[in-house]
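Please look over the sequence and the structure shown here, and then read the notes that follow, which are arranged by topic.

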Amino acid sequence: LPDPSPVIDLLYAYRKSQILFAACELGVFEALVGGAKSLGTLAAELKANADALERLLGGCVGLGLLVHT
């Protein structure tokens with residue numbers, strides 16, 4: 001069987017880029033320029049679903065784009 005690594009690498013790269021794009025589109029980074037905010041405050045400010053935003057923020061932390069405080 002051929003080595004699946006190149007395809008798997010592409011899939012992970014796509015997922016990572018989608019996390020970054022979603023955070024940018026929502027304005028996550030701009031909203032946090034002044035400092036940390038609670039999930040509820042950030043979700044209200046961004047008009048985002050808190051559960052979905054929590055998953056997105058977790059992805060950003062996992063990629064090193066944000067730091068959990």
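Leaving aside its neighbours within four places in sequence, which residues is Leu-65 in contact with?

## Leu-65 and its surroundings

In this predicted model, Leu-65 is in contact with Leu-20, Phe-29 and Cys-60, once its neighbours within four places in sequence are left aside. Leu-65 belongs to the segment after H4, and with a relative accessible area of 35% it ranks as partly exposed. Between Leu-65 and Glu-54 there are 14 Å in space, taken from C-alpha to C-alpha, for a separation of 11 residues in sequence.

## The nonpolar core

The largest nonpolar core has 11 residues in all, and these are Ala-23, Val-28, Ala-31, Leu-42, Ala-43, Leu-46, Leu-53, Leu-56, Leu-57, Cys-60 and Leu-66. At least two residues of this core come from each of helix H2 (28-31), H3 and H4, and the largest share, four residues, is that of H4.

Leu-46, one of the residues of this core, is in contact with Leu-26, Gly-27, Val-28, Ala-31 and Leu-53 when its neighbours within four places in sequence are set aside. Of these partners, Val-28, Ala-31 and Leu-53 are themselves listed in the core.

## The cysteines

Why do Cys-24 and Cys-60 not form a disulfide? The sulfur of Cys-24 has its closest cysteine sulfur in Cys-60, at 8.2 Å, which is too far for a bond, given that a disulfide requires the two sulfur atoms to be within 2.5 Å. The count of disulfides is accordingly zero.

The surroundings of these cysteines can also be described in terms of accessibility. Cys-24 is partly exposed, at a relative accessible area of 41%, whereas Cys-60 has 0% relative accessibility and counts as buried. Cys-60 also appears in the largest nonpolar core and among the contacts of Leu-65.

## The largest pocket

The largest pocket holds about 370 Å³ of space. Its lining is made up of 15 residues, of which Lys-37, Leu-57, Val-67, His-68 and Thr-69 are the closest to the centre. Helix H3 (39-46) and helix H4 (50-62) are the elements that give two or more residues to this lining, and the largest share, four residues, is supplied by H4.

By residue class, the lining of the largest pocket consists of eight nonpolar, five polar and two charged residues. Leu-57, which is one of the residues closest to the centre of the pocket, is also a member of the largest nonpolar core.

Definitions and conventions
Residues are numbered from 1 along each chain as its sequence is written. This is a predicted model: local features need pLDDT of at least 70, side-chain atom pairs count only at pLDDT 80 or more; totals for chains, interfaces and linings use all residues. Side-chain values use heavy atoms; hydrogens and water are left out. Buried means under 20% relative accessible area, exposed over 50%, partly exposed in between (1.4 Å probe, protein chains only). On a 1 Å grid over the protein atoms alone, a cavity is a set of points where a 1.4 Å probe fits but cannot get out, and a pocket is an open set with protein on both sides within 12 Å along at least five of seven lines; lining residues have an atom within 4 Å of a point. Grid points are joined across faces, edges and corners, and a volume is the space filled by probe spheres set on the points. Ala, Val, Leu, Ile, Met, Phe, Trp, Tyr, Cys and Pro count as nonpolar, Asp, Glu, Lys and Arg as charged, and the others, Gly among them, as polar. A nonpolar core is a set of buried Ala, Val, Leu, Ile, Met, Phe, Trp, Tyr and Cys residues joined through side-chain atoms within 4.5 Å. Contact means heavy atoms within 4.5 Å.
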